[in-house]
Structure formats: structure tokens, C-alpha cells
Amino acid sequence: MRLAHWVFDNRAVEFSINADGHRVIGWISWQTLADHFGGTRETAVEVLLENYDKVAPVAEKVYRARPPDERLVVMTEDF
């Protein structure tokens, strides 16, 4: 079951992916969800869950490209 919830004072939604055999926690801004999937602050969590299959591959790409000590944050320009 996929889980997601608001963090950072409703500026991002926290979610997880499986990458390289590990569960990785990541964040996606509500604005990114709005830009690409029509989400709003009120619907961001639901929009992420509905579009998880589109977000997860992008998050995995970002995860592999970031420095090891940097958080996984998916932004509009990653799509």
C-alpha cells in the first residue's frame, strides 16, 4: 500500500520509492503536482497517489543523480 502525507507546512508531500533494493523517503512539492497533474494544496496527496506510477520513475532518476548526502526532492524541472 502506498502512503503519502503532507510535510513542511503543506509545501510538500512525503512519499517513498524502492530504489536499489532500499526504501527511500522523498518529497515532492505541491506546486510540482499542480504543474504536471493539476493538483492543488487540497488535493496534492490524492493526486500524488493517483499518479504514483508517473512520479516514481522520476523520483528514482533524481535519487540516482543526487549526491549521497542530499535529500530526494522532486521538483517541476525534474519532469
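This passage describes the fold, the burial of selected residues and the side-chain contacts of a predicted protein model.

Because the model is predicted, local features were considered at pLDDT of at least 70 and side-chain atom pairs at pLDDT 80 or more, while totals for chains, interfaces and linings use all residues. Residues are numbered from 1 along each chain as its sequence is written, and side-chain values rest on heavy atoms, with hydrogens and water left out.

The protein chain contains 3 helices and 4 strands, which follow one another along the sequence in the pattern β-β-β-α-α-α-β. Helices (H or I, at least four residues) and strands (E, at least two) are DSSP runs, numbered from the N terminus. Of the 79 residues in the protein chain, 43% are buried; buried denotes a relative accessible area under 20%, exposed one over 50%, and partly exposed a value in between (1.4 Å probe, protein chains only). The chain exposes about 5,000 Å², of which carbon and sulfur atoms supply 51%. These areas come from the Shrake-Rupley method with a 1.4 Å probe, and for residues only the protein chains shown count as cover. Among contacts with a separation of 6 or more, 48% are made by residues 24 or more positions apart, a contact being heavy atoms within 4.5 Å.

The loop between β2 (12-19) and β3 holds Asp 20. The phi of Asp 20 is near 55°, a positive value in a residue other than glycine. Most residues other than glycine have a negative phi. Asp 20 is partly exposed, with a relative accessible area of 48%.

Strand β3 spans residues 22-29 and includes Ser 29. Ser 29 is buried, at a relative accessible area of 12%. Leaving aside residues up to four places away in sequence, Ser 29 touches Arg 11, Ala 12, Val 74 and Met 75. The side chain of Ser 29 also makes a polar contact of 2.6 Å with the side chain of Thr 32. A polar contact is a pair of N or O atoms within 3.5 Å; within protein, one atom must be able to donate a hydrogen and the other to accept it, and residues adjacent in sequence count only if both atoms are side-chain atoms.

In helix α1, Trp 30, Thr 32 and Leu 33 are buried. Viewed down the axis of α1, the buried residues fall within an arc of 155°, so they line one face of the helix; the arc is that of the directions from the helix axis to the C-beta atoms. Just after α1, Gly 38 adopts a positive phi of about 75°. Thr 43 follows in the loop between α1 and α2 (44-50) and is partly exposed, with a relative accessible area of 32%. A polar atom of the Thr 43 side chain lies 2.9 Å from the backbone nitrogen of Thr 40. Thr 43 and Leu 33 are 10 residues apart along the chain, and their C-alpha atoms are separated by 9.3 Å.

Helix α3 (residues 52-65) contains Val 58, which is buried at a relative accessible area of 13%. Apart from residues up to four places away in sequence, Val 58 touches Val 74, Asp 78 and Phe 79. The C-alpha atoms of Val 58 and Val 74 are separated by 7.6 Å, with the two positions 16 residues apart along the chain. Met 75 lies in the segment after β4 and is partly exposed, with a relative accessible area of 32%. Outside residues up to four places away in sequence, Met 75 touches Ser 29 and Thr 32. Met 75 and Val 62 are 13 residues apart in sequence and 9.4 Å apart in space, C-alpha to C-alpha.

A search of the whole structure finds 1 aromatic pair. The pair is formed by Phe 37 and Phe 79 in an edge-to-face arrangement, at 5.7 Å centre to centre and 80° between the planes. Rings of Phe, Tyr and Trp (its six-membered ring) pair if their centres lie within 6.5 Å, with planes under 30 degrees apart counted as stacked, over 60 as edge-to-face and the rest as tilted. The pair links distant parts of the chain, 42 residues apart: Phe 37 belongs to helix α1 (residues 30-37), and Phe 79 to the segment after β4 (72-74). Phe 37 is partly exposed at 21% relative accessible area, and Phe 79 is partly exposed at 34%.
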